[in-house]
Amino acid sequence: FPMTAVFLAWYLAYVLGSIFAKDLMMTSVAGNLTVGILFGLAQFVSTFLITWLYIRHMNKKVDPIAAGLREDLEGTRR
C-alpha cells in the first residue's frame, strides 16, 4: 500500500504539472528534450522498478508461505 500511494502521488504530480506548470514542463534540457519528457520517461522507469520490487518481495516472502500451504492442503487430501 505505501508504494501504491507514493506512485499515485508521483503520477498525479506529473499530470498536474503538465496542466498547471506548462512552462516548467516545456523547459528544454537538451535540444528537443524537455522536462516533461524526462518526467514521462521517469514514470516508465518507476513503474518497472515498482514491478521488480513487488516480484522480488512475493518470491521471497509470500510464495514460500503459499507453497507450504499448498503442500499441507494437497498432502492431507491424499
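This is a short conversation about how some labels on this predicted model were reached.

Biologist: Before we start, how confident is the predictor in the protein, as a mean pLDDT?

Modeller: The mean pLDDT is 90, and 96% of the residues reach 70 or more. Confidence is highest in strand β2 (residues 33-34), at 94, and lowest in α3, at a mean of 90.

Biologist: Thanks! Now, what makes Trp10 and Phe39 an aromatic pair?

Modeller: Their rings lie 5.8 Å apart, centre to centre. The limit for pairing is within 6.5 Å, so these two rings count as a pair. By this rule the count comes to 1 aromatic pair.

Biologist: And why is the pair called edge-to-face?

Modeller: The angle between the planes is 75°. Planes over 60 degrees apart count as edge-to-face, and therefore this pair gets that name.

Biologist: Which parts of the chain does the pair link?

Modeller: Distant ones: Trp10 sits in helix α1 (residues 2-20) and Phe39 in helix α3 (residues 35-77), 29 residues apart.

Biologist: Why are Trp10 and Phe39 called partly exposed?

Modeller: Trp10 has a relative accessible area of 27%, and Phe39 has 30%. Buried means under 20% and exposed means over 50%, so values in between are called partly exposed.

Biologist: Trp10 also has a contact with the side chain of Gln43, I see. How do you know that it is a polar contact?

Modeller: The backbone oxygen of Trp10 lies 3.5 Å from a polar atom of the Gln43 side chain. The cut-off is within 3.5 Å, so the pair is at the limit and is counted.

Biologist: What about Gln43 itself: buried or exposed?

Modeller: Gln43, which lies in helix α3, has a relative accessible area of 9%. Buried means under 20%, so Gln43 is buried.

Biologist: And why is Pro2 called exposed, while Leu8 is called partly exposed?

Modeller: Both belong to helix α1, Pro2 and Leu8 alike. Pro2 has a relative accessible area of 62%, which is over 50%, so Pro2 is exposed. Leu8 comes to 47%, between the two cut-offs, and therefore counts as partly exposed.

Biologist: Let's turn to the surface. Which residues make the nonpolar patch?

Modeller: Val29, Leu33, Ile37, Leu38, Leu41, Phe44 and Phe48 make a patch of about 670 Å². The helix that gives the most to it is α3, with 5 residues.

Biologist: Take Ile37, then. What makes Ile37 accessible enough for the patch?

Modeller: Ile37, found in helix α3, has a relative accessible area of 40%. Patch residues need over 30%, so Ile37 passes that part of the rule. The value also lies between 20% and 50%, so Ile37 is called partly exposed.

Note on methods
Residues numbered from 1 in each chain as written. Predicted model: local features only at pLDDT ≥ 70, side-chain atom pairs only at ≥ 80, totals over all residues. Heavy atoms only, no water. Phe/Tyr/Trp six-rings, centres within 6.5 Å; stacked < 30°, edge-to-face > 60°. Helix = DSSP H or I, 4+ residues; strand = E, 2+ residues; numbered from the N terminus. Buried < 20%, exposed > 50% of the residue type's maximum accessible area, 1.4 Å probe, protein only. Patch = residues over 30% accessible without salt bridge, like charges linked within 9 Å, V, L, I, M, F, W, Y side chains within 5 Å. Areas by Shrake-Rupley, 256 points an atom, 1.4 Å probe, with all protein chains shown as cover. Salt bridge = Lys/Arg side-chain N within 4 Å of Asp/Glu carboxyl O. pLDDT = per-residue confidence, 0-100. Polar contact = N/O pair within 3.5 Å; in protein donor to acceptor, adjacent residues only side chain to side chain.
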